[in-house]
Amino acid sequence: MIEIKEEEERVILVGIDAGDGQDAERSLEELSELARTAKARPVGTLIQKREAAHPATYLGTGKIEELTLLVEGTGATGVICDDELSPAQLKNLDRLLDVKIMDRTMVILDIFAARASTREGKIQVELAQLRYRAARLTGFGNALSRLGGGIGTRGPGEKKLEVDRRRIHDRISVLKTELTQVERHREITRRKRERNHKAVAALVGYTNAGKSTLLNALTGAGVLSEDQLFATLDPTTRELFLPDGESILLTDTVGFIRKLPHHLVEAFKSTLEEARYADFILHVVDAANPSMELQMYTVYETLKKLEVLGKPVITLFNKIDQFSSPPVLRDFTADEALYVSAKTSQGLSALKELLAKKLREQNIYLERFYSYPDAGKIQLIRTQGRLLSEEYREDGVAVTGYVPAELLGKL
């Protein structure tokens, strides 16, 4: 029996430092995680301090020479740049280094391609890949012969990069039509939830902050949760029952990341817009991450791009079990903040209590007396609000409860 193994990519990570150096180092650390997630092994790093990337070659001439020696010395099969490369940069680096050239966007797209499991996810990933490739057909050049079976070649869509621009645009048109149909189905589901007046809380946060683990801990959803970037892509919605008998829908969204490719933001807009239509935003933060504040900033900037503004935000400082004594953590953008641990369930009872309180604040207290011919309206209170009491009398039923403001006219 012949065993076929996919050859492991050995890569050099390259970045530009336009500041004090710490930001560039942290960004390369994250790029290293991305590379490992994409099944590549980082064997070296190189950072050049300069105001901006070189427009033709990303790095300056001296650093290109240094990178050439590093590639030869480590036996690297590829180079990953920490920023999105232009077609010219891609073409010139390929010519100068004679190894596979990739950028951060290509690696993220590759991970998304490997993780997408639903029809919508696969359409979104293929759409993002094709848009990225369409803009870089002239830049791939001889790199096509080096792509093999590694980063940038995986995906649910067409596997050949040498398709011409016309075919790519034709395929993009088909995918857009398919995605519109999926989005229409999502819109119908969303409207049905709105008619039922069921409140929705969207879990958002930096990738690997623990959103899926939290969803599992709160609802027993059973979604994949692993200690790696972008462990889950496709949104999952589950019902969370609160202490007072009410319930709320929790939706897990795709994780954010620094320098999130524009193509992905566009392709995954329908998925990310779950946060836009939610009643509450649950911002999950990895409290144990040294780059916590930068990650929080990235999440809020992404939400701003998606026009998710004016929603009540509850920040959940997750992984608090990793501290021997409680740290002092603040989020001045949020309305509320809690310390939680999805792993040990610490703070989850307090979260449920807080959500129940927030729901009560959004509802209106109701006291009504209904004659028996109108008693069917009580079922509306029971299913779409919270029925506190009902007293049956000779001429009708006296009820008290909480109902959404938009339901009041029907009652």
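A nonpolar core is a set of buried Ala, Val, Leu, Ile, Met, Phe, Trp, Tyr and Cys residues joined through side-chain atoms within 4.5 Å. The exercises below use a predicted model.

**Exercise 1. Find the residues that touch the most other members of the largest nonpolar core, then find which elements supply this core.**

Step 1. Start with the members. The largest nonpolar core has 43 residues. Ile80, Val204 and Leu303 touch the most other members.

Step 2. Go to the elements. Strand E1 (9-17), strand E5 (200-205) and helices H1 (22-37), H4 (104-115), H5 (119-134), H9 and H11 (292-305) each supply at least two residues. H4 gives the most, with seven residues.

Step 3. Look around Leu303. Beyond its neighbours within four places in sequence, Leu303 contacts Val204, Phe256, Ala275 and Val308.

Step 4. Check for a further core. Another one, of 25 residues, lies apart from the largest. Among its members are Ala209, Leu338, Leu354 and Leu359.

Step 5. Set this in context. In soluble globular proteins, nonpolar side chains tend to be buried together.

**Exercise 2. Compare the span of H11 with the expected one, and list its buried residues.**

Step 1. H11 has 14 residues, which should span 20 Å at 1.5 Å a residue. The C-alpha atoms at its ends are 20 Å apart, so the two values agree.

Step 2. List the buried residues. They are Met292, Gln295, Met296, Thr298, Val299, Tyr300, Thr302 and Leu303.

Step 3. Ask what covers them. The cover includes E5, strand E8 (280-286) and E9.

Step 4. Move past the helix. Glu307 follows H11 and has a positive phi, near 60 degrees.

**Exercise 3. Is H5 largely enclosed or largely open?**

Step 1. Take the span. H5 has 16 residues and reaches 22 Å from first C-alpha to last, close to the 22 Å expected at 1.5 Å a residue.

Step 2. Count the buried residues. Of the 16 residues, 13 are buried, so H5 is largely enclosed by the rest of the structure.

**Exercise 4. Classify the aromatic pair found in the whole structure.**

Step 1. The search of the whole structure finds one pair. Phe317 and Tyr339 have ring centres 6.0 Å apart.

Step 2. Apply the angle cut-off: planes over 60 degrees apart count as edge-to-face. The planes here are at 80 degrees, so the pair is edge-to-face.

Step 3. Place the partners. Phe317 is in strand E9 (313-318) and Tyr339 in strand E10 (336-339), 22 residues apart. The pair thus links distant parts of the chain.

Step 4. Judge accessibility. Under 20% counts as buried. Phe317 has 0% and is buried. Tyr339 has 29% and is partly exposed.

**Exercise 5. Describe the surroundings of Arg258 and Pro261 in the loop between E7 and H9.**

Step 1. Place Arg258. The loop that holds Arg258 runs between strand E7 (247-252) and helix H9 (262-267). Arg258 is buried, at 10% relative accessible area.

Step 2. Find its polar partner. The side chain of Arg258 makes a polar contact with the side chain of Asp23, at 2.6 Å.

Step 3. Add its touching residues. Not counting residues up to four places away in sequence, Arg258 touches eight positions including Asp23, Glu30, Arg104, Tyr206 and Thr298.

Step 4. Turn to Pro261. Pro261 is in the loop between E7 and H9 and is buried, at 1%.

Step 5. Trace its contacts. Leaving aside neighbours within four places in sequence, Pro261 contacts Glu84, Thr105 and Ile108. Pro261 and Ile108 are 153 residues apart along the chain, yet their C-alpha atoms are separated by 8.0 Å.

Notes:
Residues numbered from 1 in each chain as written. Predicted model: local features only at pLDDT ≥ 70, side-chain atom pairs only at ≥ 80, totals over all residues. Heavy atoms only, no water. Phe/Tyr/Trp six-rings, centres within 6.5 Å; stacked < 30°, edge-to-face > 60°. Helix = DSSP H or I, 4+ residues; strand = E, 2+ residues; numbered from the N terminus. Buried < 20%, exposed > 50% of the residue type's maximum accessible area, 1.4 Å probe, protein only. Polar contact = N/O pair within 3.5 Å; in protein donor to acceptor, adjacent residues only side chain to side chain. Contact = heavy atoms within 4.5 Å. Expected span 1.5 Å × (residues − 1).
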